[in-house]
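User: I should like to learn how to read the features of a protein model, beginning with charged side chains. Would you please guide me through them?

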Amino acid sequence: MITVPLVAGSLAAAPAAALAAPASPAAAAGRAAPYPDPVGGAQLAGRGTVVDQAPGTPALPKIKTASYIVADGDTGDVLAAKDPHGRYLPASTLKTLTALTLVPRLDPDRLVRPSQKACDVEGTKVGLTPKMQYKVSDLFHALMMMSANDAAVTLSEADGGMRKTLADMNAEARRINARDTLAGSPNGLDKDLGLSVKTQHTSAYDLALILREGLKNAEYREYVQAIDYKFPAPPSKKERKKGKKVGGYPIHTHNKLLPGERYAYPGMLGGKNGYTIAAGQTYVAAARRGGHTIIIALMKADIPPSPYAVKLLDWGFAARGKVKPVGVLVPPGDAPEAKKDGGGGLLPDAPLASDDSTRMWLLVGGGAVGAVLAIAVLFAVLRRRRRYGSPARPAAASGPSAGPAAGPSLDETGQ
């Protein structure tokens with residue numbers, strides 16, 4: 001009689017807690033409160049710089065960022081970090097999660113026609129038009145090379161819509177244990193969409209997890225390593241006269257550490273930069289030299305991130321195998337944190353997911369089942385008393401009202 005209403009109540013409380021947590025003073029400042037046993041190890045809980053400096057290794061570079069991480073991409077060892085689990089606005093580095101989520105789901109040769117809404121999105125765009133259909137692979141090139149926000153929205157439409165894509169992205173973040181991450185958009189825009197660090201955030205630690213997982217996929221690597229690409233477009237008048245049905249124009253990478261770019265870094269595997277006024281400069285990248293991989297991520301830098309990224313990568317290669325790790329990039333799947341809080345199956349609410357119909361019916365159904373069971377038990381007790389001649393006392397009438405009260409109402413869940 002009591003169990004089912006309590007279960008329903010706990011299901012209602014979990015999303016509410018997920019929404020309430022970022023509203024703490026720490027989150028309002030763009031960072032999560034430190035916790036005793038974070039993903040990756042206890043030393044990663046702090047907000048300051050953490051490193052076990054070894055003799056013979058260079059000192060950590062002095063860079064002006066709110067947060068960063070340097071990790072061995074092969075072993076997962078975290079070599080150094082600063083506020084690695086601090087939650088910050090991601091800007092376009094969030095597109096690494098968009099690609100990680102959607103590359104395996106969408107056929108690269110599928111043709112997609114963007115909506116006018118997708119074409120009109122704010123910020124950097126590749127120049128989509130509803131007059132054309134584009135290959136999914138074209139859209140991913142635009143997404144990861146030049147950070148095209150219109151491509152991000154169009155890919156979301158191809159995945160079934162914005163609501164579904166955000167749910168898929170947050171599910172993927174949970175799968176790989178990127179527990180500091182909440183996606184409120186597929187492109188990383190924030191103020192333009194009315195988003196703040198309370199409704200969209202990630203961490204340097206999570207960005208390293210996301211890129212490390214993405215680089216396992218050959219298509220993902222192709223998109224983040226591309227430097228030049230001919231993007232399709234309606235044919236010009238001159239091209240139509242020549243009988244061409246499709247025109248195009250070149251697009252170029254924004255990643256300045258790829259070959260031929262200003263900060264070209266030997267062994268660069270790929271990465272993603274981002275910037276909004278609110279988020280500042282963000283960046284995540286990986287490079288491989290001498291059979292070893294280093295992954296770095298930084299958030300809220302004061303200048304375009306390429307010079308800082310080079311310094312962190314250089315330090316990582318010099319320190320790898322010498323410094324004692326201060327944590328680890330955990331693999332996907334069940335983590336101790338998920339078992340402790342029991343929240344492995346519940347996603348944090350995204351801005352567009354607060355009225356999810358499945359959760360609504362689950363909550364209402366849980367309360368209804370609890371009420372039915374309570375009434376059934378009361379009926380059985382009263383019948384038994386009549387059978388044995390025991391008069392029912394007036395106080396027993398309070399029983400049924402306790403059942404529904406234990407179950408959640410729509411007002412209590414905020415849905």
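User: With which residue does Lys216 form a salt bridge?

Analyst: Side chains of opposite charge can pair when their charged atoms come close. In this predicted model, Lys216 pairs with Glu213, and their closest N and O atoms are 2.9 Å apart. Glu213 also meets Arg175 in a salt bridge, at 3.2 Å from N to O. That second pair links distant parts of the chain: Arg175 belongs to helix 7 (residues 162-175) and Glu213 to helix 8 (residues 204-214), 38 residues apart.

User: Are Lys216, Arg175 and Glu213 buried or exposed?

Analyst: Burial is judged by relative accessible area, and the classes are split at 20% and 50%. Lys216 counts as exposed because its relative accessibility is 57%. Arg175 has 38% and therefore counts as partly exposed. Glu213 has a relative accessible area of 14%, so this residue is buried.

User: How many salt bridges does the whole structure hold?

Analyst: A search of the whole structure finds 10. Among them is the pair of Glu261 and Lys256, whose closest N and O atoms are 4.0 Å apart. Glu261 is buried at 13%, whereas Lys256 is partly exposed at 35%. Salt bridges may also join into a network, as they do for Arg105, Asp159, Lys164 and Asp168.

User: Glu213 lies in helix 8. How many residues of helix 8 are buried?

Analyst: Of the 11 residues of helix 8, 10 are buried, so the helix is largely enclosed by the rest of the structure. The buried residues include Ala204, Tyr205, Ala208 and Leu211, as well as the charged Asp206 and Glu213.

User: How should I read helix 11, and what do its buried residues pack against?

Analyst: One may begin with the length of a helix and then turn to its surroundings. Helix 11 (residues 306-319) has 14 residues and reaches 20 Å from its first C-alpha to its last, close to the 20 Å expected at 1.5 Å a residue. An α-helix has 3.6 residues a turn, so residues three or four places apart point the same way. Helix 11 is mostly covered, with 10 of its 14 residues buried; Tyr308, Leu312, Trp315 and Phe317 are among them. The buried residues of this helix pack against strand 1 (49-51), strand 2 (67-72), strand 3 (77-82), strand 8 (268-276), strand 9 (280-289) and strand 10 (292-301). Just after helix 11, Gly321 takes a positive phi of about 80°.

User: Which residues have the most contacts inside the largest nonpolar core?

Analyst: In soluble globular proteins, nonpolar side chains tend to be buried together. Here the largest nonpolar core has 63 residues, and Ile69 and Phe140 have the most contacts inside it. Helix 5 (residues 136-146) gives the most to this core, with 8 residues. A second, separate core of 27 residues includes Tyr283, Ala285, Leu298 and Ala301.

User: What does Ile69 touch?

Analyst: Leaving aside neighbours within four places in sequence, the contacts of Ile69 include Val78, Pro84, Leu329 and Ile295, together with Ala204, Tyr205 and Ala208. The last three are buried residues of helix 8. Ile295 is found in strand 10 and is classed as buried because its relative accessible area is 1%. The C-alpha atoms of Ile295 and Ile69 are separated by 8.0 Å, although the two residues are 226 residues apart along the chain. With the same neighbours left aside, Ile295 is also in contact with residues including Val70, Gly73, Arg212 and Ala286.

User: Finally, where is Asn187 placed, and what does its side chain reach?

Analyst: A loop residue can be read through its accessibility and its contacts. Asn187 lies in the loop between helix 7 and helix 8, and its relative accessibility of 2% is why it counts as buried. The side chain of Asn187 reaches the backbone nitrogen of Leu189 at 3.0 Å and makes a polar contact with the side chain of Ser185 at 3.3 Å. Not counting residues up to four places away in sequence, Asn187 touches Ala91, Ser92, Lys95, Val121, Asn149, Ala152, Val153 and Leu193. The C-alpha atoms of Asn187 and Gly274 are separated by 9.9 Å, and these residues are 87 residues apart along the chain.

Key: Residues numbered from 1 in each chain as written. Predicted model: local features only at pLDDT ≥ 70, side-chain atom pairs only at ≥ 80, totals over all residues. Heavy atoms only, no water. Salt bridge = Lys/Arg side-chain N within 4 Å of Asp/Glu carboxyl O. Helix = DSSP H or I, 4+ residues; strand = E, 2+ residues; numbered from the N terminus. Buried < 20%, exposed > 50% of the residue type's maximum accessible area, 1.4 Å probe, protein only. Expected span 1.5 Å × (residues − 1). Contact = heavy atoms within 4.5 Å. Polar contact = N/O pair within 3.5 Å; in protein donor to acceptor, adjacent residues only side chain to side chain. Core = buried A, V, L, I, M, F, W, Y, C linked by side-chain atoms within 4.5 Å.
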